[in-house]
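Student: I am new to this structure and would like to get to know one part of it properly. Please pick a single spot, look at it closely with me, and then show me how the rest is arranged around it.

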Amino acid sequence: MTVIFESGARSLLLVHAVLGFTAVFAATHHAASAISAARGRPAQRQLRRFGWMASGSVVGQALFGLALYPAYRVRVRLADLERSAPAVAQLFDLKEHLSALALVLVVGASFAGRALQRDAPAAESRAVAALSGTGAALVWAAALMGLYVTSRHPVGTR
Amino acid sequence: MRELRASLWGTAAFALGYLLPGTLGLPTLTYDPVARTVGFSARVSGVAMRYYGDLLWACAAGLGAAAVVWSSRRPPRPVGVLAAAALSLVALDVAFYLSRLLAAV
């Protein structure tokens, strides 16, 4: 029985992790810039720069995560976690859902943030900050949960 | 700002489109990684998964809502209300999935 992308699972996991860390830091910088803009400080250049980085890395790490998911499902979840640690399997499910929500929040905040003007109404800059801050918080949560599950049983190992 | 309104509507629709197919048992794309088969079903069994399908539903809902708002000529709603609604729906999703984790442990 061969699962799709199983032979390259370790390489995929490494790229997924690197992009995940990039997403964490870019989304955090974007959120900090959005909060600065909401407080009336000029942050339009940072919003554009970190917007591209955050949305690119979040989409990239999501695509690599989706490619890894079948191998995780069969070799880690079914073969190990469901018997030895069902709570960890449930934690990974939560991580998947938070990642999906983080994806739309970070992409939406980046798209809105790149168009935010310096003299934008306070309600608009606050809305961008709220989107971006929530997205960054969910990216952090998903990254920590992913690290915990991977430390227990990385995909690509028996 | 059109970009912000499209993002907020897209986020709200994504959150709804992600939550509803699974909770209501709507048919979606399924994938069985052992048999390596793709299907379209409301129920999954064994190792088959509906995550890809639920994500596709959510992306379609989010992109559709954002596109409609982007091209709409109707007077815009207040940004604060839109942001509160979008983030409330995200919070609802998080609370629902967190409750499933807590119920299982």
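Tutor: Let's start with a term: helices (H or I, at least four residues) and strands (E, at least two) are DSSP runs, numbered from the N terminus. With that in hand, our spot is Met145(A), which sits in helix H4 of chain A. Residues are numbered from 1 along each chain as its sequence is written, while chains are lettered from A, and ligands numbered from 1, in the order in which they are written. What you see is a predicted model, in which local features need a pLDDT of at least 70 and side-chain atom pairs count only at pLDDT 80 or more, whereas totals for chains, interfaces and linings use all residues.

How open is our residue to its surroundings? A residue is buried if 20 or more other C-beta atoms, placed from the backbone, lie within 10 Å of its own, exposed if 12 or fewer, and partly exposed in between. Met145(A) has 19 other C-beta atoms within 10 Å, so it counts as partly exposed.

Now for its partners. Two residues are in contact if their C-beta atoms, placed from the backbone, lie within 7 Å. Leaving out residues up to four places away in sequence, Met145(A) touches Leu91(A), Leu94(A) and Lys95(A). Take Leu94(A): 51 residues separate it from Met145(A) in sequence, yet the two C-alpha atoms are 8.5 Å apart in space.

That link is a good way into chain A as a whole. Its secondary structure comes to 4 helices and 0 strands, giving the pattern α-α-α-α along the sequence. In chain A, 83% of the contacts with a separation of 6 or more join residues 24 or more positions apart. Along the principal axes, the C-alpha trace of chain A spans about 60 × 25 × 20 Å. Of the 158 residues in chain A, 51% are buried.

Some of the buried residues belong to a core. A nonpolar core is a set of buried Ala, Val, Leu, Ile, Met, Phe, Trp, Tyr and Cys residues joined through C-beta atoms within 7 Å. The largest one has 77 residues, and Ala27(A), Val58(A), Ala102(A), Val106(A), Val128(A) and Val139(A) have the most contacts inside it. At least two of its residues come from each of H1 (9-38), H2, H3 and H4 of chain A, and likewise from each of H1 (2-24), H2 (51-71) and H3 (79-104) of chain B. H3(A) supplies the largest share, 14 residues. Val139(A) makes a nice example: apart from neighbours within four places in sequence, it is in contact with Ala23(A), Val24(A), Ala27(A), Val58(A), Ala102(A) and Val106(A).

The core draws on both chains, which leads us to where they meet. Chain A brings 34 residues to the contact, and chain B brings 32. On the chain A side, the elements that give two or more residues are H2 (44-84), H3 (86-113) and H4 (122-152), the last being the helix we began with. H3(A) gives the most here, with 16 residues. For residue classes, Ala, Val, Leu, Ile, Met, Phe, Trp, Tyr, Cys and Pro count as nonpolar, Asp, Glu, Lys and Arg as charged, and the others, Gly among them, as polar. The side of chain A that touches chain B then has 27 nonpolar, 4 polar and 3 charged residues.

Let's cross over to chain B. Here there are 3 helices and 2 strands, in the order α-β-β-α-α. The radius of gyration of chain B, taken over C-alpha atoms, is 16 Å, well over the 13 Å that the globule rule (2.2 Å times the number of residues to the power 0.38) gives for 105 residues, so the chain is more spread out than a compact globule. Buried residues make up 38% of chain B.

How confident is the predictor? On pLDDT, its confidence in each residue from 0 to 100, chain B averages 94, and 100% of its residues score at least 70. The model as a whole scores ipTM 0.96 and pTM 0.96.

Definitions and conventions. pLDDT is the predictor's confidence in each residue, from 0 to 100.
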